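I opened this entry to record what I looked up, chain by chain. The notes follow the order in which I checked things.

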Amino acid sequence: MEIINNLYLGFSVALSPYTLMLAIIGCFIGTIVGALPGLGPSNGVAILIPITFTMGLDATASLVLLTAVYYGAMYGGRISSILLNIPGDEPAMMTTLDGYPMAKNGRAGDALVISGFASFVGALLATLALAIVAPSLARVAYVFGPAEYFALYLLAFCTLGGVASKNQAKAALASCVGLGIAMIGVDHTTGMTRYTGGNLHLMDGIDFLVAIVGLFAVSEVFFFIESHGKNSSLGVTLGKVTIPWSDIFHTRWTMLRSSIVGFIAGVLPGAGASLGSFLTYMMEKSIAGNREEFGTGVAKGVAAPEAGNNAAAGGALVPMLTLGVPGSGTTAVLLAVLMTLNITPGPTLFADRPDVVWGLIASLIIANFVLLFMNVPMVKVFVRILQVPPAMLLPGVTMVSFVGIYSLSGSYFDLLLMTLFGVLGYIFRKLDIPTVPVILGILLGANMENNLRRAMVLSDGDWTFLFSSGIAISLWVAAVLGFVAPFFFRRIMKKPKIAENA
Amino acid sequence: MAFKLNTLLASAAFAVISTTSFATECIAPANPGGGWDFTCRQIGKILFDIGQVPNPVQVTNMAGGGGGLAFNHVVSERGTDNDLIVAASQATATRLAQNAYAGMTADQVRFVGAIGADPGVIVVAKDSPFQNLNDMVAAIKADPGSVAFAGGSAAGGFDHLKVLMILKETGFTDIRKIKYIGVDGGADAITQTVGGFTQGMTGDMSEIVGFLKSGEVRALAVLTEQRVPGFEDIPTAQEQGIDVVAVNWRGLYVPKGISDADFEAWGGKLKAVAESQEWQDAMTANGLAPFTKVGGDFQSWVDGVIADTVELSKEIGVIQ
């Protein structure tokens, strides 16, 4: 009953006409920011911080506005993934794999509605989980040391080869390229710079947003110029936008499973939404009966990553609120806002400032419903993007990408780098090498290396330290299985099919 | 089409927000969320609230190179801008001392003042066998491998240096043997310590406030001259016979080419912020200790800190 009382407190703080209006504005801005390539949730929140100060908002109102932008951006990221094969932000990358093929088949509306609904399920379940188990779940962070994190990232890596359904070797090559790029920058264990050529711009490593926008958006433009728009989703005749009830019903377990896995990935500091959406996609692919169809536009392939990354967004709030450890870039920004409002997140926050915590949870629930009602009817507007003449649309997208990346660091160097990544992406696509593993290599590689090095420092270079806990060993077993299983599964799965055909 | 127009409008709006030039600008040389961002946003907000500047201060985040990109930007492109302030801290001084800004040096800007300091702390988990700093030092002297530290900076950074300063002061010379892992921020370092993966955490007071209140960690020592207001039960290292003072000051630098009058004016404005009630409240809430040095005093103090850091860094081999 305590939780009912707490939620009542939360809603009494958050449910005024004024805050409701802020939630709606926040959701709207967030959706647009999320959909624009190069502008992700962390930029969206950061850009609005000065506005909350100028408007003189109090703690609760600021949080309502900013978390609405956060959740909105998580929803919005899928829109350009599905319509243009350009992820609006990094967690939406996995959604391109099946979302874009759906759009090319004329099912853009279906893909948007299914993914919107999946986002809703993931975010709502994660928010409820946050309300119920956050204080006890905070302890999970204490059992994850360098060895356990290394095993977790290894698990993600071992399943990377399966991203591309055609050629695992090419996917492995692409992830190695990503790993190589991840080595650039200051090495945390020695404090020395690597592969920077003395260039200050490279000292912090290469921002994966630059890589994403280059590999996806810029290379898409190159590709489009060459093919004159053939074989793309632009101009595909669209059917009437209806709500695909049967697809939503068929993916109900997918959404539920993905929400749980995504939430757990979000709770672990440093893993975050990108790992959440990746793991859920790979999980659904490996347990689905029709795994060969993943990548060609199946409903489960958009439902899983969207439920996963939105659940992870909620999960990332757990370590932020209970430990003050930001689980992702966006929660780092939210953390800064809380500090500026003289609210110190930490183990005592739930007891010290129940009004803030429960107001936040209530506003997340409100934002979620606002987003669902905003997103489903707006699908009709979104799909019209595909009817915009390409001569106007693609320059527009390119311009927004450049502005977005420039706003990250205010340096032209990132723009050059982005263009280089565009060329790389173009070459890779010509050679039929998937680009998603490159990003995952950059994203996970640095974390994986740092944790391995930390483990080695702590254990004086003793390898057995990596298997020193139950959690680490189970993750290793899962990683080995994830790597080996596809070889066996494929044989077993293919046999009955041949029999059927014969 | 409607959506398309919206995207264009939105991007135009962002472009305007990020290039507004008529207001005072504060550059935070990092992404939103860290100490430099906090410095810019708090000082910027108070400067406007107490009427020291006519317009709200525009905060620009210019992340890269551990602050090096912003430093380079100020030195090479904004050398005479008298309406520009840049957030700085001990980390800025450490990196300048270790030549981490690609050959740029501290004398290429003017350090205008610090108005608060985050005291250095050495923390252990609540069930740790160490009751005071000397217990810990004794254990390290007996077996350097038995105590590992976690901190929020990379190896060679200020959190790492704090531990080395303490051990050097107690006569332990083999300081390269001390185990240190750099993780992503102080809170992360604490979770590693509470989880038992490391035996000690080295960091700033502001990073541990929430954990101290919940009783999950104990602070063995604070590295200040006097005990910190609000945390009177934490003894200083000096009280325990180890003469080490290490604080992460929060302050500002300005371009080299502004006039002496402008430099003094910024010092005065900063002093006004330091004396405001709003700043006092912000300091208490964030575990900052009073530490006000402005103008020429501050510049010569920073020069001294940099000289000391150069010496220590050479000893551990971070620089030649």
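Before counting elements I fixed the terms: helices (H or I, at least four residues) and strands (E, at least two) are DSSP runs, numbered from the N terminus. I also noted that this is a predicted model.

**Chain B, overall**

I counted eleven helices and ten strands in chain B. Its radius of gyration is 21 Å, and the globule rule gives 20 Å for 320 residues, so chain B is as compact as a globular protein of that length. I read the span of the C-alpha trace of chain B along its principal axes as about 65 × 50 × 40 Å. Of the 320 residues in chain B, 57% are buried. I then took the contacts in chain B with a separation of 6 or more; 76% of them come from residues 24 or more positions apart.

**Chain B, strand β1**

I went to strand β1 (residues 25-28) of chain B and asked which strands it pairs with. It runs parallel to β2(B), joined by four bridges. It also runs parallel to strand β3 (residues 84-89) of chain B, here over three bridges. B:Glu25 has a bridge partner on each of these strands: B:Gln58 in β2(B) and B:Leu84 in β3(B).

**Chain B, strand β5**

Next I looked at strand β5 (residues 148-151) of chain B. Which way do its residues point? B:Ala148 and B:Ala150 point one way, B:Phe149 and B:Gly151 the other, and all are buried. This is the usual pattern: in a regular strand the side chains alternate between the two faces of the sheet.

I followed the pairing from there. β5(B) and β6(B) run parallel and share four bridges. β5(B) also pairs in the parallel sense with strand β7 (residues 200-204) of chain B, over three bridges. B:Gly151 stands opposite B:Gly182 in β6(B) and opposite B:Thr202 in β7(B). With helix α6 (residues 158-169) of chain B between them in the list, β5(B) and β6(B) make a right-handed β-α-β unit.

**Chain A, overall**

I turned to chain A and counted 21 helices and two strands. A compact globule of 502 residues would have a radius of gyration near 23 Å; chain A has 22 Å, which agrees. The C-alpha trace of chain A spans about 65 × 60 × 55 Å along its principal axes. Buried residues account for 58% of the 502. Of the contacts in chain A between residues at least 6 apart in sequence, 80% join residues at least 24 apart.

**Chain A, confidence**

I checked how far to trust chain A. Its mean pLDDT is 82, and 91% of its residues reach 70 or more. Which elements mark the two extremes? Helix α19 (residues 412-430) of chain A has the highest mean pLDDT, 92, and helix α21 (residues 470-501) of chain A the lowest, 68. Over residues 494-502 of chain A the pLDDT is below 50, and this stretch has zero contacts beyond near neighbours in sequence. Where pLDDT is low, the predicted coordinates should not be read in detail.

**Where the chains meet**

Last, I looked at the interface. I found 62 residues of chain B in contact with 58 residues of chain A. Several elements of chain B each supply at least two residues to that side, including α2 (35-49), β2 (58-61), β6 (179-182) and α10 (277-286). Which element gives the most? α1(B) does, with twelve residues. The side of chain B that touches chain A divides into 28 nonpolar, 24 polar and ten charged residues.

Definitions and conventions: Residues numbered from 1 in each chain as written. Chains lettered and ligands numbered in written order. Contact = placed C-beta atoms within 7 Å. Nonpolar A, V, L, I, M, F, W, Y, C, P; charged D, E, K, R; others polar. pLDDT = per-residue confidence, 0-100. Rg over C-alpha atoms; globule rule 2.2 N^0.38 Å. Buried ≥ 20, exposed ≤ 12 C-beta atoms within 10 Å, placed from the backbone. Pairing = 2+ DSSP bridges. Right-handed = clockwise from strand over helix to strand, strands pointing away.
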